[in-house]
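Biologist: Before we discuss strands and charged pairs, could you put the sequence and the structure on the screen?

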Amino acid sequence: MEDENENVSMEVVEPEDAESDMSSDSGSDAEDDTAEPKVPKEVYLPGTKLADDEELVCDESAYVMLHQASTGAPCLSFDVIPDELGNGRQSFPMTAYIVAGTQASRAHVNNLIVMKMSNLHKTQDNDGDEDEELEDDQDDVADREELKKPQMTCALVKHQGCVNRVRARRLGNSVFAASWSELGRVNIWDLTQPLQAVENAQLAKQYEQSEARPVFTFGGHQQEGFAIDWSPSADGVLATGDCRRDIHVWTPAEDGTWTVDQRPLAGHSQSVEDLQWSPNERSVLASCSVDKTIRIWDCRAAPQKACMLTCEDAHQSDVNVISWNRNEPFIASGGDDGYLHIWDLRQFQSKKPIATFKHHTDHITTVEWSPSEATVLASGGDDDQIALWDLAVEKDIDQAVDPAQNEDVLSKLPPQLLFIHQGQKEIKELHWHPQLPGVLLSTAHSGFNIFRTISV
């Protein structure tokens, strides 16, 4: 669809141009009728310089599903909208709902975008369909391919200023989104109507002509910010952190609005970059900052005394993102130094991570534990790659190396690294879909990916 006023266009495209799970293919055909012997494909390690006769090729067999979507203005933050289609959905085609926020060059043309991605079929063919298609009429094959094309519908909500970050939460029968604006305000939106609009084309047109307004706005932060998180265990409780250093805790009021504690949590000395509520303790909050620290707060205490634990110099520079494991007392953190650290909260006072990985070659901008696999997490960053990890994997010194692969390349990779996904430029955020096991969504300057690998 396309909106002429905001110049926001959306299209779901096929994955053949994606440069994901890269392999380098240096084989080429000779100019005469005799073909040169085919050179085996090799594993590509990000950062490796390609020879003049080499090219990167997507190994689509490494994906169960891989689709892309693009928007006119980049959406550098998004969240999965919890739906009512059921948990643990494994069958195809799949459906996913997300809310994203644009970062358009002009502040007044930004939007929250509620999207419905549907008809998401497997892109890996392992059922012998290809052989059957050879016997079918070409028109039948084309019709079948047309029916399998992914679909996306969307509803736009006008947003004042670029959307720094957005998070969604189902409260009762409604879904709400909290958005950080570059103008220094935090807005809360009721997504009931835009979610209805993406189910009906006529409703979508009517909705775009209306002027939706946030149900609540807080302008008490003294600077803009990025950190924001809904509590998973206390309905309607929200925390927001800004670029000054302040964290404010919100609690829902009986009249459908929110009460925001005007006294910020005191402790950080520089910008608060990310916030994560404990998955099982209602009053416990984690934060990370440009001041290189990770802090644990008990919000029942007075704001000046709420910081209970501090890890100084958690990273060599800015700590950008954190993620709290839903099943184990672990926090993962990623920083400008490119390091991914795993912290055991039972040993947090030792100020030493229980695991450290230096795979990313630039700033880590996003990290998230799998909601269904306690030892699995994903990280992404400015090096244009998403890495999937499994901490349960240990190095097997007796493991044989595939002779068709480059042994030197494989020896450089930590055994916990399951998969490298590429093809997006300047990756900003990723999320596992909590209701679609193994499915990841990611956004970057170049658009969205939704995929599931053979590894998770």
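Biologist: Let us begin with one strand pair: how many bridges join strand β13 to β14?

Modeller: This is a predicted model, and everything I say refers to that prediction. Strand β13 covers residues 186-190 and runs antiparallel to β14. One of the contacts pairs Val186 with Phe218 of β14, and the number of bridges joining β13 to β14 is three.

Biologist: In which order do the strands of the open sheet lie?

Modeller: The open sheet has four strands, and their pairing is antiparallel. Neighbouring strands are turned against each other by 15° on average, with direction ignored. Read across the sheet, the order is β11-β12-β13-β14.

Biologist: Which strands stand at the edges of this sheet?

Modeller: In general, strands of a sheet pair through backbone hydrogen bonds, either parallel or antiparallel. Here, two strands each have a single partner strand, so one side of each is left without a neighbour in the sheet. These edge strands are β11 (163-171) and β14 (216-218).

Biologist: Turning to charged side chains, what is the N to O distance in the salt bridge of Arg165 and Asp274?

Modeller: Arg165 lies in strand β11 and Asp274 in strand β19 (residues 272-277), so the pair ties together parts that are 109 residues apart in sequence. Both partners count as buried because their relative accessible areas fall under 20%, with 11% for Arg165 and 7% for Asp274. The side chains meet with an N to O distance of 3.5 Å.

Biologist: Arg165 also forms a salt bridge with Glu429, so to speak of the sequence, how many residues apart are the two?

Modeller: The closest N and O atoms of Arg165 and Glu429 are 4.0 Å apart, and both residues are buried. Arg165 belongs to strand β11 and Glu429 to strand β31 (residues 427-432), which makes this a link between distant parts of the chain. Their separation is 264 residues.

Biologist: Which residues are linked with Arg165 in a network of salt bridges?

Modeller: Arg165 pairs with Asp274 and also with Glu429. Another arginine belongs to the network as well. The residues linked with Arg165 are Arg167, Asp274 and Glu429.

Biologist: Are Arg89 and Asp83 buried or exposed?

Modeller: The side chains of Arg89 and Asp83 meet in a salt bridge, at 3.0 Å from N to O, and the model counts 13 salt bridges. As for their accessibility, Arg89 and Asp83 are both buried.

Technical notes:
Residues numbered from 1 in each chain as written. Predicted model: local features only at pLDDT ≥ 70, side-chain atom pairs only at ≥ 80, totals over all residues. Heavy atoms only, no water. Pairing = 2+ DSSP bridges. Axes fitted to C-alpha atoms, helices over the stretch in contact; angles between N-to-C directions. Buried < 20%, exposed > 50% of the residue type's maximum accessible area, 1.4 Å probe, protein only.
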